[in-house]
Structure formats: C-alpha cells, structure tokens
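Please walk me through this structure in my viewer, one selection at a time. I am new to this, so tell me what to click on and what I should find there.

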Amino acid sequence: MERRHLGRTGLRVSRLGLGTLTWGRDTGAHEAAEQLKTFWDAGGTLVDTADVYADGGAEHLLGRLLEDLVPRRDLVIATKAGSVLEPDRRVDCSRGHLLAALDASLDRLGTDYVDVWQLHAFDPATPVEETLQAVDVAVASGRARYAGVVGFCGWQLARAATWQLAAPGVRTPLASTQMEYSLLQRGIEREVLPAALGLGIGVLPSSPLGRGVLTGKYRRATPADSRGASEHLAPFVAPYLDEAAGRIVDAVRTAADGLAVTPLQVALAWVRDRPGVVAPLVGARTAQQLTAALSVEGLSLPDEIRRALDDVSAPVHRYPDQDWSTL
C-alpha cells in the first residue's frame with residue numbers, strides 16, 4: 001500500500017487507516033484479529049483507536065493483538081484522549097486528565113509510546129495553552145511521537161496550530177486533524193480543510209463511506225445485519241438516508257457501473273485523493289468488508305468522473321466563501 005506523510009512531518013503512514021470504533025463491543029477478539037492481519041498483510045500501517053472506544057476495550061484488544069499477531073514496530077498506533085463517558089459524556093482536556101488518560105492508554109495497549117496522540121475534542125472550559133502543554137509534555141517524555149486533534153472546527157484548529165508553531169523547537173506542531181469527510185459530508189471544505197492545508201496539517205477522514213450509506217446497501221432497504229439495523233448505531237446512519245443523499249448514492253453507483261468497480265471503491269477513492277487528505281479511516285464490520293475496502297488501492301478515478309461527483313455532492317457555500325458581488 002502506498003504511504004503518505006502525515007502533514008508536514010517525517011512520519012509516513014498507509015493511505016488507508018484501520019478504525020477500531022466497534023472493537024471490544026460489536027467486534028470481538030477473533031474478528032478483530034482477522035481484520036488486523038488482513039490490514040497488515042495488505043501493507044496497512046495506521047490503526048486508529050481511542051480511550052473511550054468500548055470504555056477502553058478497543059485499546060485493550062489492540063494491545064493483546066500487538067503481543068501475539070502483529071509486531072508493534074510495523075504499525076502506527078493513533079489513539080485519543082479528552083472525552084469522558086461517565087456519568088455523562090463530556091470533554092476534559094485539562095493537563096491532569098489528559099496525561100493520566102495517556103498513561104492508562106499505554107497500559108491497555110501494552111506499549112511505551114503511541115505514534116500519534118490526538119485530542120478527542122475542543123474543551124472550551126480549559127485554556128488551550130494548558131491543553132497543548134500536555135501535548136508537549138507527552139512528546140518530550142517519549143510517551144507520544146506526534147500529536148493531532150479530532151473534531152476541531154476551523155478557528156479552533158487554527159488557534160491550536162498557530163500556538164504550537166509560535167515556539168519552534170519548543171512546542172510540538174500538530175500533525176493531523178481527524179474529521180468526518182465523504183461525498184455525503186463535505187462540511188470541512190468550508191474552513192477546516194483550508195486551515196489544514198495552510199498550516200501543513202494532514203486530514204484523516206472518518207466515516208469516509210458516509211457511515212456505510214455510500215456502499216449502496218441502504219438504497220432499497222436496511223439490511224438486517226447492518227449498522228443501520230443496530231439499536232445503538234441506527235441513529236448514526238439515519239441522517240444520511242434522506243432524498244438528497246440518495247441522489248449522491250445513485251451517482252456513485254452510476255460511476256461504479258461505468259468503471260466496472262463497486263460503489264464502495266468509487267466513494268473511497270474520491271475522498272482518499274482529495275487535497276490535504278492523508279488516509280481515510282475505514283471501520284469495517286468484518287474482515288471481508290475490510291478486504292473490499294483495501295481493494296481500492298489500485299483505483300484512481302478518471303477526471304471526468306471525479307468532477308461529476310464533485311458537482312452532484314457540492315455543498316452550498318455562499319458568503320463569505322464566495323465573492324458576494326456574484327451572488
């Protein structure tokens with residue numbers, strides 16, 4: 001699998017990443033092992049997890065597989081801290097919480113360091129300089145090699161990134177930002193993506209298949225074994241089952257038919273090759289689904305198909321993104 005630099009850093013990662021959101025909850029040890037082995041065999045390196053996935057279960061499961069299945073040195077492990085599940089989901093990016101959470105993650109993962117440590121959300125109650133100082137401590141101590149953020153809007157990303165860049169050699173530059181991005185969700189193109197491009201920050205798209213909808217499997221009905229039929233994941237899928245999304249899914253299917261490939265391959269290739277994107281994160285339910293996603297490696301969309309998909313999925317961005325005089 002081809003590799004790309006993570007932002008303006010020397011770290012190179014596979015241009016598809018493996019997501020572990022359901023590990024330890026919907027995805028058991030056997031299926032997780034099959035997915036990781038399939039990913040590794042295909043040349044994949046970037047594995048994304050978080051301390052709150054399955055309340056730590058995803059990290060624990062990944063740590064067990066690092067011991068028995070795949071050499072630690074062959075993977076780029078990215079995890080997150082800052083979200084708190086109990087008693088109610090909230091954000092805590094205080095220095096104390098973040099560093100304690102990192103130590104707990106390392107213990108569950110059974111490793112001395114994580115390659116990319118990500119702030120899971122912006123915390124408006126904690127001074128950003130305190131939050132970022134925790135990042136600097138983590139990197140200076142060797143517990144993390146690189147740093148990133150998740151879910152930061154444009155101004156939040158720019159504020160955090162420029163704070164770090166203001167003291168070269170002292171503070172740790174942000175390497176990545178993880179955001180939802182697909183043909184069904186192009187909102188980051190308004191401010192987040194331009195900020196990332198300008199600041200040299202790599203984009204890691206989550207839900208690159210529109211929460212599974214872009215595969216086309218929901219076009220007629222909801223399959224009984226899909227996430228859309230799951231009690232706790234159905235609300236996650238539902239926003240992309242409307243008429244507007246259906247038109248985009250139909251366009252993806254038309255493109256796939258013309259190229260003799262699958263809608264999954266078309267949708268994934270589109271987001272993978274967008275400007276600023278480093279590696280879409282694929283969260284498969286089975287190893288078979290993951291294999292289907294990995295098959296996109298050899299596909300590059302023709303320009304005319306890419307432009308057609310751009311047009312049919314174009315978000316409405318008016319003032320101030322366009323010249324007001326033309327509207």
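**Stop one: a pair of helices**

Start by selecting helix α3 (residues 95-109) and helix α4 (residues 128-140), which pack at an angle of about 30 degrees with their axes 8 Å apart. Their crossing is right-handed. Now show the side chains at the contact: α3 brings Arg-95, Leu-98, Leu-99 and Leu-102, while α4 brings Glu-130, Thr-131, Gln-133, Ala-134, Val-137 and Ala-138. Colour them by class and you will find six nonpolar, two polar and two charged residues. Keep in mind as you look around that this is a predicted model.

**Stop two: a cavity**

Keep Thr-131 of α4 on screen, since this contact residue also belongs to the lining of the largest cavity. To see the rest of that lining, add Cys-93, Leu-119, Ala-121, Phe-122, Asp-123, Thr-126, Val-128 and Phe-152. How is this lining divided by class? Six of its residues are nonpolar, two are polar and one is charged. The volume enclosed here is about 50 Å³, and the structure holds one cavity of 30 Å³ or more.

**Stop three: a pocket**

Next, move to the second largest pocket, with a volume of about 210 Å³. Select Leu-183, Leu-184, Ala-244, Ile-248 and Ser-313, which lie nearest its centre among the 15 lining residues. Which helix gives the largest share of this lining? Highlight helix α8 (residues 243-259), and you have the source of four lining residues. Finish by colouring the whole lining of this pocket: nine residues are nonpolar, three polar and three charged.

Technical notes
Residues are numbered from 1 along each chain as its sequence is written. This is a predicted model: local features need pLDDT of at least 70, side-chain atom pairs count only at pLDDT 80 or more; totals for chains, interfaces and linings use all residues. Side-chain values use heavy atoms; hydrogens and water are left out. On a 1 Å grid over the protein atoms alone, a cavity is a set of points where a 1.4 Å probe fits but cannot get out, and a pocket is an open set with protein on both sides within 12 Å along at least five of seven lines; lining residues have an atom within 4 Å of a point. Grid points are joined across faces, edges and corners, and a volume is the space filled by probe spheres set on the points. Ala, Val, Leu, Ile, Met, Phe, Trp, Tyr, Cys and Pro count as nonpolar, Asp, Glu, Lys and Arg as charged, and the others, Gly among them, as polar. Helices (H or I, at least four residues) and strands (E, at least two) are DSSP runs, numbered from the N terminus. Axes are lines fitted to C-alpha atoms, for helices over the stretch in contact, and angles run from 0 to 180 degrees between N-to-C directions. A crossing is left-handed if the near helix is turned anticlockwise from the far one by less than a right angle, and right-handed if clockwise. Contact means heavy atoms within 4.5 Å.
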